[in-house]
Structure formats: structure tokens, C-alpha cells
Amino acid sequence: MLNINRINELAKKAKEEGLTDLEKSEQDVLRREYIESVKASLQSNLDNTYIVDKFGNKRKVKPHTDK
């Protein structure tokens, strides 16, 4: 589970007095978890997104692949 309060506490402490190596590691882990959570939420939204053309035809949004 995400702990946004802890992320914010560490960010504030980093600005005010700095972090220990252990706190920096914790901050990195928490930030990575947050980023993964945001990505999963976005992916879920896109998985349930459809485009409707002018004729009323509905099609699912497809992932863009750059090759």
C-alpha cells in the first residue's frame, strides 16, 4: 500500500536537513512504488477507453508501438 504521507515526510526532511542512506533507500523504494501505481492506474484507464467515430462506431484504444 502506498504511503504518501511518508513520501512527503522524507521529501520535507531531505530539503530541510538531509536524509541518511537508509532514508534515501526508503525514499527510492517508495517513489518507485508510487510511479508503478500511477502507471498501473493509467493503463487501467486506457484499457477501458474507447474512441467513437462520427458514425457511432466504437473501437478500443490500441497501444502505440514505436518501431
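Is Glu23 buried or exposed? In this predicted model, Glu23 is buried, with a relative accessible area of 15%, and the views below place this residue among its contacts.

**View 1. Glu23 in helix 2 and its contacts.** Glu23 belongs to helix 2. Its relative accessible area of 15% falls under the 20% limit, and therefore the residue counts as buried. When neighbours within four places in sequence are set aside, Glu23 is in contact with Leu10, Lys13 and Gly18.

**View 2. Gly18 in the loop between helix 1 and helix 2.** Gly18 follows helix 1 and has a positive phi, near 95°. The loop that holds Gly18 connects to helix 2, which comprises residues 21–47. Gly18 counts as partly exposed because its relative accessibility is 26%. Apart from neighbours within four places in sequence, Gly18 is in contact with Lys13 and Glu23.

**View 3. Gln27 in helix 2.** Gln27 is located in helix 2 and has a relative accessibility of 8%, so Gln27 counts as buried. Residues up to four places away in sequence being excluded, Gln27 touches Leu10, Ala11 and Leu19. Leu10 is also among the contacts of Glu23.

**View 4. The span of helix 1.** Helix 1 covers residues 4–16, a run of 13 residues. At 1.5 Å a residue the expected span is 18 Å, and the end C-alpha atoms lie 18 Å apart, so the two values agree. Gly18, with its positive phi, comes after this helix.

Conventions
Residues are numbered from 1 along each chain as its sequence is written. This is a predicted model: local features need pLDDT of at least 70, side-chain atom pairs count only at pLDDT 80 or more; totals for chains, interfaces and linings use all residues. Side-chain values use heavy atoms; hydrogens and water are left out. Helices (H or I, at least four residues) and strands (E, at least two) are DSSP runs, numbered from the N terminus. The expected span of a helix is 1.5 Å times one less than its number of residues. Buried means under 20% relative accessible area, exposed over 50%, partly exposed in between (1.4 Å probe, protein chains only). Contact means heavy atoms within 4.5 Å.
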